[in-house]
Amino acid sequence: MSFETKIRKLAKLNYWQNIYSASKKCSGIQLFENNFNYSGLQTRFLYWLSVYDMLFSELATHEDKLLTFEVLDDNDRTDAYLIYRNKKHDFLWKKHREDEQQSQMKASRKKNFKNPGKETSINIDLRKEE
Amino acid sequence: MDEKQGINEVLTELMKDEINPELIQNNKIHFRVSDDIYRVRMPNQKENSNATGYKNKTYIRLIQEDNTLTIKQLKKILKEKKDIDIDDLDKKASELEKEMTQVYLTLAKKKTSEKSSITKLKSKLETIRDKRLVIILEKAEFLSPAIENQAQDEYYRFLTAMCTDKLIDKKNDKWEQVWISFNKYEQDDSKLPYLSLGRMTELVYGA
């Protein structure tokens, strides 16, 4: 079993997930014996703790039908879901920006039609010169 | 010790199937060789700076020697004399990564009930991953004689020599540095230097 697999297995455990959640709320809770000079293993572990924390919360809120306990139980399927999730978020973000741009353009067109700029008044004397 | 036997022992040791929380609870990795317990620990600032100094010294020494090559020069020679194109290997690896992404995207949409297609996709991933690994290892082997890589290897060997401790008093948790100098580390022909180096790269790289 590779170190990455071992670390992911540990990061998924309830024990570590609970400690991680608690440490986010309470600064007194320390995850490791050292709180500086983290090893590469610890950095990878922190990364997977946060990824699984996010996935478990999304699972609890039924955010996506494709995310299930079985998916989280299998590293390949979890990786697949993370790639799919990123693509989906990129797509949604792009779509959101396009929609926003379109609605801004529509709004400005409407405004121009109804109220074309600021009103200015000039007094012109149209009386015939005597 | 027979070198091949030594390497096999090291690999067996490294592949041991253990899930140990000790792996992450501090910035050290413990391991056992025969009846003795050892650990590699993260280097402190001074050790890191000494190792960087040693790496730079190695780089400067090698660059002045005859018959040494930088990565750029080695790539050029491999292409011209042996028809080995490193950039092409990189391109192949990145194509395989793209292929993997497509398989992952198909896998992501599978329901748990679709067991046979999940198994097929997973084995396809494994095949692509293996192909990519072969390319990466091939590239690493071709470029290993380059000055930059030799200097980097020396950096890790230096750190290993400085940061490997042996447990000498279990009751009082007393540890002692295994090699008092880098010279002593280089002179040690047991499997311990290989094992420690493997553990050190795992500790620092995290994989």
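This is a short conversation about how to read a few features of a predicted model.

Reader: Happy to start with the overall layout. How many helices and strands does chain B have?

Author: Welcome! Chain B contains 9 helices and 4 strands. Read from the N terminus, its elements follow the order α-α-β-β-α-α-α-α-α-β-β-α-α. Of the 207 residues in chain B, 21% are buried. If you take contacts in chain B between residues at least 6 apart in sequence, 71% of them join residues at least 24 apart.

Reader: In what order do the strands of chain B lie in the sheet?

Author: The 4 strands form an open sheet, in the order β1-β2-β3-β4 of chain B, with antiparallel pairing. β1 (28-33) and β4 (174-177) stand at the edges with a single partner strand each, so one side of each has no neighbour in the sheet. On average, and ignoring direction, neighbouring strands of this sheet are turned by 35° against each other.

Reader: Which helix packs on that sheet?

Author: That is α9(B), which touches β1, β2 and β3 of chain B. The direction of α9(B) makes about 155° with that of β1(B).

Reader: Now the pairings. How many bridges join β1(B) to β2(B)?

Author: A general idea helps here: along a regular strand, side chains alternate between the two faces of the sheet. In this model, β1(B) and β2(B) (residues 36-41) run antiparallel and are joined by 6 bridges. B:Arg32 stands opposite B:Ile37 in β2(B). Further along, 4 bridges join β3(B) to β4(B), again an antiparallel pair. The hairpin of β3(B) and β4(B) has 4 residues between the strands, and B:Asp173 takes a positive phi near 50° there.

Reader: Let me pick a residue to follow. Where is B:Lys166 found, and which residue does B:Lys166 stand opposite?

Author: B:Lys166 is in strand β3 of chain B, residues 164-169, and stands opposite B:Glu176 in β4(B). Leaving aside residues up to four places away in sequence, B:Lys166 touches B:Asp36, B:Tyr38, B:Trp175, B:Glu176 and B:Val178. By contrast, B:Gln150 is 16 residues from B:Lys166 in sequence and 28 Å from B:Lys166 in space, C-alpha to C-alpha.

Reader: Why does B:Lys166 count as partly exposed?

Author: The count of neighbours decides that. B:Lys166 has 16 C-beta neighbours inside 10 Å, so B:Lys166 counts as partly exposed. The buried class begins at 20 and the exposed class holds residues with 12 or fewer.

Reader: Over to chain A. What describes two packed helices?

Author: Two packed helices are described by the angle between their axes and the distance between the axes. Here, helix α1 (residues 3-12) and helix α3 (residues 40-60) of chain A pack at about 45°, with axes 9 Å apart. α1(A) and α3(A) are therefore oblique to each other, and α1(A) passes α3(A) in a right-handed crossing. Among the residues that meet are A:Phe3, A:Ile7 and A:Leu10 in α1(A), and A:Phe45, A:Trp48 and A:Tyr52 in α3(A). The residues of this contact divide into 9 nonpolar, no polar and 4 charged.

Reader: Last one: how many residues of chain B are in contact with chain A?

Author: 24 residues of chain B are in contact with 30 residues of chain A. On the side of chain B that touches chain A, α2 (22-25), α5 (86-108), α6 (115-143) and α9 (192-205) each supply at least two residues. α5(B) gives the most, with 5 residues. This side of chain B divides into 14 nonpolar, 6 polar and 4 charged residues.

Technical notes: Residues are numbered from 1 along each chain as its sequence is written. Chains are lettered from A and ligands numbered from 1 in the order in which they are written. This is a predicted model: local features need pLDDT of at least 70, side-chain atom pairs count only at pLDDT 80 or more; totals for chains, interfaces and linings use all residues. Axes are lines fitted to C-alpha atoms, for helices over the stretch in contact, and angles run from 0 to 180 degrees between N-to-C directions. Angles under 35 degrees count as roughly parallel, over 145 as roughly antiparallel, 65 to 115 as roughly perpendicular and the rest as oblique. A crossing is left-handed if the near helix is turned anticlockwise from the far one by less than a right angle, and right-handed if clockwise. Two residues are in contact if their C-beta atoms, placed from the backbone, lie within 7 Å. Ala, Val, Leu, Ile, Met, Phe, Trp, Tyr, Cys and Pro count as nonpolar, Asp, Glu, Lys and Arg as charged, and the others, Gly among them, as polar. Two strands pair if DSSP finds at least two bridges between them.
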